[in-house]
Amino acid sequence: MNILVTGAIGFIGSHLCEQLLSLSHKVIGLDNLDPFYEVQKKQENLKILEGNNGFRFIYGDIRNSFLVNEILASNQIELVIHLAAKAGVRPSISNVSDYMDVNLNGLVTLLEASRNCNVRRFIFISSSSVYGNQKKLPFSESDDVSFPISPYAATKKSGELLCYTYHHLYNIESACLRLFTVYGPRQRPDLAIHKFTQLAIEQQPIELYGDGSSIRDYTFVSDIVDGICGIAFHPELNYEIFNLGNGKPVKLIEMVEELQNALQTKIEIKFIEKQAGDVDQTHADIAKANVYFGYQPKVSFKQGVAEFVKWFKKR
Ligand SMILES: NC(=O)c1ccc[n+]([C@@H]2O[C@H](COP(=O)([O-])OP(=O)(O)OC[C@H]3O[C@@H](n4cnc5c(N)ncnc54)[C@H](O)[C@@H]3O)[C@@H](O)[C@H]2O)c1
């Protein structure tokens, strides 16, 4: 199948492209090397993909309507998997208009081009952040998500609505996937596991927001990629929303303990005030994805952290 992956050389995108290529698909990767974190890391991801015959990289912006239409039309793209975004909760608070522009105008540009070029299926990568500070656990797709507590979360919720609109008007098959704290090799350096590992290795203290009791449903990147592929190639899809999580949340303080074990070093902790926009807890109900397309995470948190640390030390 001919597939367009946006955000292809980011953390999750690069793993997804590898998997799609291993399944013999033809992949066009679109990415603008956004400087949110070191561009060199994205170039390293690109190098991993570039050797593959089925892969073509296009440097460009999802907001460039001419470029996006041209890519879809001239490559007979049947499936778009849209990961490109301004990611991160906290920076979205000080940079709202950029988040709105990339995450919403960029999405609409892709949806419009998909409609023009008769793309059959559109997978939108959403986020667990849409659940906000909901108290009911675990988070289920049928819960009311009308209360996002950061601009980032608001863009993801709005994105899900736009995908429905394009499904309704133009019959584009669409799935919105709410990813829960993804980690693993090549993880974004702004995310806690990566940031803490870096500091621990430099023998510097880490800062924990709140009292360490917040919980996250950490999900290993290979499980996320399996989930994306599971729905992307499912024979039946109209419009659906799915959680992709691990289903076994971990306290922040337990995450640090697991890192200490894997790194075999003591980590010094400084507790600081909770950050605006951060949710207290995330916990995915993954039953819907399990029933619909057999989604079943395989990597335990212990294994995943060990795998991450192995990768980190190697590079
Ligand atoms: N990592 C997580 O824990 C997590 C959790 C929930 C949802 N998500 C979502 O998954 C997706 C991928 O996240 P990631 O962690 O791999 O982040 P990432 O920053 O590593 O990847 C995003 C990629 O998109 C590219 N990009 C950004 N703006 C672009 C634009 N205007 N045009 C073209 N490319 C652009 C960036 O250069 C980057 O390579 C994002 O949509 C993110 O919101 C991630």
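Let's start with the ligand. The shell of residues around the ligand divides into 15 nonpolar, seven polar and seven charged. Keep in mind that this is a predicted model.

Which residues come nearest? Of the 29 around the ligand, they are Asp31, Tyr37, Leu83, Tyr152 and Val182. Now the elements. Helix 1, strand 5 and helix 6 each give at least two residues to the shell. Strand 5 has the largest share, with three residues.

Next, the polar atoms. Leu83 places a backbone N or O atom 2.7 Å from an oxygen atom of the ligand. For Asp34, a backbone N or O atom sits 2.9 Å from a ligand oxygen. Phe11 has a polar backbone atom 2.9 Å from an oxygen of the ligand. How much of the ligand does the protein bury? Alone, the ligand exposes 820 Å², and the protein buries 97% of that.

On to Lys136. Find Lys136 in the loop between strand 5 (121-127) and helix 6 (151-170). Is Lys136 buried or exposed? Neither: its relative accessibility is 41%, so Lys136 counts as partly exposed, since that class runs between 20% and 50%. The side chain of Lys136 makes a polar contact of 2.9 Å with the side chain of Asp143. Gln281 is 145 residues from Lys136 in sequence, yet their C-alpha atoms are 9.9 Å apart in space.

Last stop, the second largest pocket. This pocket holds about 150 Å³ of space. Helix 1 (11-22) and helix 8 (221-232) are the elements that give two or more residues to its lining. Among the lining residues are His15, Glu18, Arg186 and Phe220. By class, the lining has four nonpolar, three polar and two charged residues.

Definitions and conventions. Residues are numbered from 1 along each chain as its sequence is written. This is a predicted model: local features need pLDDT of at least 70, side-chain atom pairs count only at pLDDT 80 or more; totals for chains, interfaces and linings use all residues. Side-chain values use heavy atoms; hydrogens and water are left out. Helices (H or I, at least four residues) and strands (E, at least two) are DSSP runs, numbered from the N terminus. Buried means under 20% relative accessible area, exposed over 50%, partly exposed in between (1.4 Å probe, protein chains only). A polar contact is a pair of N or O atoms within 3.5 Å; within protein, one must be able to donate a hydrogen and the other to accept it, and residues adjacent in sequence count only if both atoms are side-chain atoms. On a 1 Å grid over the protein atoms alone, a cavity is a set of points where a 1.4 Å probe fits but cannot get out, and a pocket is an open set with protein on both sides within 12 Å along at least five of seven lines; lining residues have an atom within 4 Å of a point. Grid points are joined across faces, edges and corners, and a volume is the space filled by probe spheres set on the points. Ala, Val, Leu, Ile, Met, Phe, Trp, Tyr, Cys and Pro count as nonpolar, Asp, Glu, Lys and Arg as charged, and the others, Gly among them, as polar. A residue is near a molecule or strand if one of its heavy atoms lies within 4 Å of it. Accessible areas come from the Shrake-Rupley method with a 1.4 Å probe; for residues, only the protein chains shown count as cover.
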